[in-house]
Amino acid sequence: MGQPVASRGRAATPTLGKAMLNKYARAFFTRVLTPFAAFLIRRGVTPDTVTLLGTAGVMAGALVFYPRGEFFWGTIVITLFVFSDLVDGNMARQLGRSSRWGAFLDSTLDRVADSAVFGGFALWYAGNGDDNVLCAVSIFCLASGQVVSYTKARGESIGLPVAVNGLVERAERLVISLVAAGLAGLHKFGVPGIQVLLPIALWIVAVGSLVTLIQRVVTVRRESAEAEAAAAGAGPDQAQGNPANASRGSEAAK
């Protein structure tokens, strides 16, 4: 997870808060994790191996602990393995590797890990948590997270930049959910009333994901209209080469 690859299209301009978080947080963890990444390289460990192990650890933390209501320890395990997202990218940079396969594996397993986290919440509320509404909200968070990611990937695949920063993207979904789950788990250590944080966080993620999905759909609609108008102005020869035209036909055949 996190292996570098050249981005396609025009990247969305990050907000100031996100830009500062990415700049300073990543710089800090890069300094901290670089020696560990170098150690793994010397031992013959590959970035792909770290990616796979990190995803397996996140899944174990989410699907073993969360359905039993062990939110504190589950979050601790998940957090430890989430750092593999930085370690494998650090290893790839030290090795001078920037592969399409690494980026594909990274993105695919990110979706798997996200599903495990919200799936763990859903299993808890469907079982001992005994709350069908929050079970449904957890499932919505799981599904909407996948669709939000898909809208960007699909838009970029037809040649659009999808230049928008959503209200609640993957990093925000995970931080909000994991922090709330970890704190909610302190209820078992005698902290009263704190378990309410997890339901609040799930509702925030659900509403934020819906807003983000709408933002991306509206952006793709606008960019698509602009691209089609530009293609029409350029003449029929150039318009035939527009990837959006070919994609619409192939997608309709599915």
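## Glutamate 70 and lysine 188

Glutamate 70 counts as partly exposed in this predicted model, because its relative accessibility is 22% and the buried class is reserved for values under 20%. Its partner in a salt bridge is lysine 188, with 3.3 Å between the closest N and O atoms. The two residues belong to distant parts of the chain, 118 residues apart, since glutamate 70 sits in the loop between α2 (47–65) and α3 (71–82) whereas lysine 188 sits in the loop between α7 (170–184) and α8 (197–234). Lysine 188 is exposed, its relative accessible area being 51%.

## Salt bridges with buried partners

The whole structure contains 8 salt bridges. One of these joins aspartate 110 to arginine 170, whose closest N and O atoms are 3.5 Å apart. Because aspartate 110 belongs to helix α5 (residues 100–126) and arginine 170 to helix α7, this pair ties together parts separated by 60 residues in sequence. Aspartate 110 is buried, at a relative accessible area of 7%, and it also takes part in a network of salt bridges that links Asp110, Arg111, Asp114, Arg170 and Arg173.

A further salt bridge is formed by the side chains of arginine 216 and glutamate 169, at 3.1 Å from N to O. Arginine 216 is in helix α8 and glutamate 169 is in the loop between α6 (132–157) and α7, so parts of the chain that lie 47 residues apart in sequence are tied together by this pair. Both partners are buried: arginine 216 has a relative accessible area of 7%, and glutamate 169 has one of 16%.

## Helix α6 and its ends

Helix α6 has 26 residues and spans 37 Å from its first C-alpha to its last, which is close to the 38 Å expected at 1.5 Å a residue. Among its buried residues are Leu134, Val137, Cys141, Ser144, Val148 and Thr151. An α-helix has 3.6 residues a turn, so residues three or four places apart point the same way. The buried residues of α6 pack against α5, α7 and α8.

At the N-terminal end of α6, aspartate 131 acts as a cap, with a side-chain oxygen 3.2 Å from the backbone nitrogen of valine 133. After the helix comes glycine 159, which has a positive phi, near 90°.

## Nonpolar cores

The largest nonpolar core has 24 residues, of which Tyr66, Val117, Phe121, Leu198 and Leu202 touch the most other members. At least two residues of this core come from each of α2, α3, α5, α6, α7 and α8, and α5 provides the largest share, with 8 residues. Tyrosine 66 has contacts that include Phe71, Ile78, Val117, Phe121, Trp124 and Leu178, when residues up to four places away in sequence are not counted. A second core, separate from the largest one, consists of 7 residues and includes Ala37, Leu40, Val50 and Leu86. In soluble globular proteins, nonpolar side chains tend to be buried together.

## Threonine 51

Threonine 51 is found in helix α2 and is buried, with a relative accessible area of 0%. Although threonine 51 and aspartate 110 are 59 residues apart in sequence, their C-alpha atoms are 9.2 Å apart in space. Aspartate 110, the buried residue at the other end of this pair, is the one that forms a salt bridge with arginine 170.

Conventions
Residues are numbered from 1 along each chain as its sequence is written. This is a predicted model: local features need pLDDT of at least 70, side-chain atom pairs count only at pLDDT 80 or more; totals for chains, interfaces and linings use all residues. Side-chain values use heavy atoms; hydrogens and water are left out. A salt bridge is a side-chain nitrogen of Lys or Arg within 4 Å of a carboxyl oxygen of Asp or Glu. Helices (H or I, at least four residues) and strands (E, at least two) are DSSP runs, numbered from the N terminus. Buried means under 20% relative accessible area, exposed over 50%, partly exposed in between (1.4 Å probe, protein chains only). The expected span of a helix is 1.5 Å times one less than its number of residues. Contact means heavy atoms within 4.5 Å. A polar contact is a pair of N or O atoms within 3.5 Å; within protein, one must be able to donate a hydrogen and the other to accept it, and residues adjacent in sequence count only if both atoms are side-chain atoms. A nonpolar core is a set of buried Ala, Val, Leu, Ile, Met, Phe, Trp, Tyr and Cys residues joined through side-chain atoms within 4.5 Å.
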